[in-house]
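Me: I would like to work through the packing of this chain with you, one step at a time. Could we start from the structure itself?

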Amino acid sequence: MTLILRRGDLEPLVDMRATIEAVDAAMGDVARGTAVQPAPALMRLPGSDSGFLPMAAASQRAGLAAVKLLADVPANAEHGLPTQRSSIVLVSTDTGEVLAVLDGAVPTRIRTAAATAVATRHLARPGSTTLGLVGAGALAVAHVTAMLEVLPIGTVHFWTRSRATAHGFQKAIEQHGLKVRLLESPHAVAQSVDVLCTLTPAVEPVVHGASFVPGLHVNAVGARPRPDHREVDTEAILRSRVFVDSLPTVRQKSGDIVIPVNEGALRFDDLEGELGSVIAGLHPGRKSEDDITLFKSVGLGLQDLAIGRLLVDAALATGRGVRVDLRA
């Protein structure tokens, strides 16, 4: 039997702390050789700006193989529709049975924030107390929740173009009892925080390396998976020790890295390496208090697999979802 989990089924099942630990373990497993994370191939049809990205992974720890099909359709914005949609299929590595099919929106949002928290745990200064956010939508709300699990955050500085979004963000995180300030620019945010997260669907840089201060940790998260889209400029990359979630994936679909390489300002070999190697103890993370570290998050099928395992187990324990026989 296959478990079908809709978006409404998934929201009550989210456990951010457990997701952070599952993502941490999964990313380390790639470096340890007990999980497989191939680079995805972006598919585009002639004459279309839409992209379709199958994100596959397999994990010995979870006993699963998985694929998320991400549809990136920018034209949807003109019709009031989401520009990105996805679904996740989880398959048993023991029997090949399709165990579950999940709507991808909730898992993607939560595992993205969890991956940022994992990177921050391993790369930021341990005593960091001030979080900066460029962008203030639902992903920013999830990032606040995730960061509180790994750092003693007491203050949040953020920037967004929309006053309505700013108000909604402040309401959504007020239960945490944090000091929250809306600042006038991304530059002002970057200058005033210990940890900075960029969470916008930017095409051109909104954050510049000239704003970075010694000791800062940056998570570049929001840009779409396209080699010509980026949130941070070339100077930001050059001033930082850069870690990524997947080197093969970054080479194909991260404009934050690909553009500086194409400019001749950077080589892929200049990157520090994958975060999983830091987690597994194979590569040093932060070396000094003054290091500027940057984690480029492109999003991995393995992260979807990790949260998928948690959500399916929680759904089975609570009786959520619909079970169907795909062979009938």
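Me: Is helix α9 largely enclosed by the rest of the structure or not, and why?

Reply: This is a predicted model, and the reasoning rests on counting buried residues, where buried means under 20% relative accessible area. In α9, which spans residues 255-263, G255, D256, I257, V258, I259, P260 and V261 are buried. Because 7 of the 9 residues of α9 are buried, the helix is largely enclosed by the rest of the structure.

Me: Which elements do the buried residues of α9 pack against?

Reply: The residues concerned are G255, D256, I257, V258, I259, P260 and V261. After the helix comes G264, which has a positive phi, near 85°. The packing partners of the buried residues in α9 are α7 (234-238), β12 (241-244), α8 (247-253) and β14 (293-296).

Me: How are α4 and α5 oriented, roughly parallel or roughly perpendicular?

Reply: The axes of α4 (residues 138-147) and α5 (residues 163-173) come within 10 Å and cross at roughly 30°. Angles under 35 degrees count as roughly parallel, so α4 is roughly parallel to α5.

Me: Which classes of residue make the contact of α4 with α5?

Reply: The crossing of these two helices, α4 and α5, is right-handed. On the α4 side the contact is made by A140, V141 and V144, and on the α5 side by F169, A172 and I173. By class, that contact holds no polar and no charged residues, and 6 that are nonpolar.

Me: How is α2 oriented relative to α3, roughly parallel or roughly perpendicular?

Reply: Helix α2 (residues 16-32) packs on α3 at an angle of about 65°, with the axes 8 Å apart. Since 65 to 115 degrees counts as roughly perpendicular, α2 is roughly perpendicular to α3.

Me: How many charged residues does the contact of α2 with α3 have?

Reply: The α2 residues M16, T19, I20, E21, V23 and D24 meet I110, R111, A113, A114, A115, A117, V118, R121 and H122 of α3. By class, the contact has 9 nonpolar and 2 polar residues, and the number of charged residues is 4.

Me: Which helix gives the most to the largest nonpolar core?

Reply: In soluble globular proteins, nonpolar side chains tend to be buried together. The largest nonpolar core here has 62 residues, and those touching the most other members are I20, L90, L102, L131, L133, F169 and L275. The helix that gives the most to this core, with 9 residues, is α3.

Technical notes
Residues numbered from 1 in each chain as written. Predicted model: local features only at pLDDT ≥ 70, side-chain atom pairs only at ≥ 80, totals over all residues. Heavy atoms only, no water. Buried < 20%, exposed > 50% of the residue type's maximum accessible area, 1.4 Å probe, protein only. Helix = DSSP H or I, 4+ residues; strand = E, 2+ residues; numbered from the N terminus. Contact = heavy atoms within 4.5 Å. Axes fitted to C-alpha atoms, helices over the stretch in contact; angles between N-to-C directions. Parallel < 35°, antiparallel > 145°, perpendicular 65-115°, else oblique. Left-handed = near helix turned anticlockwise from the far one by under 90°. Nonpolar A, V, L, I, M, F, W, Y, C, P; charged D, E, K, R; others polar. Core = buried A, V, L, I, M, F, W, Y, C linked by side-chain atoms within 4.5 Å.
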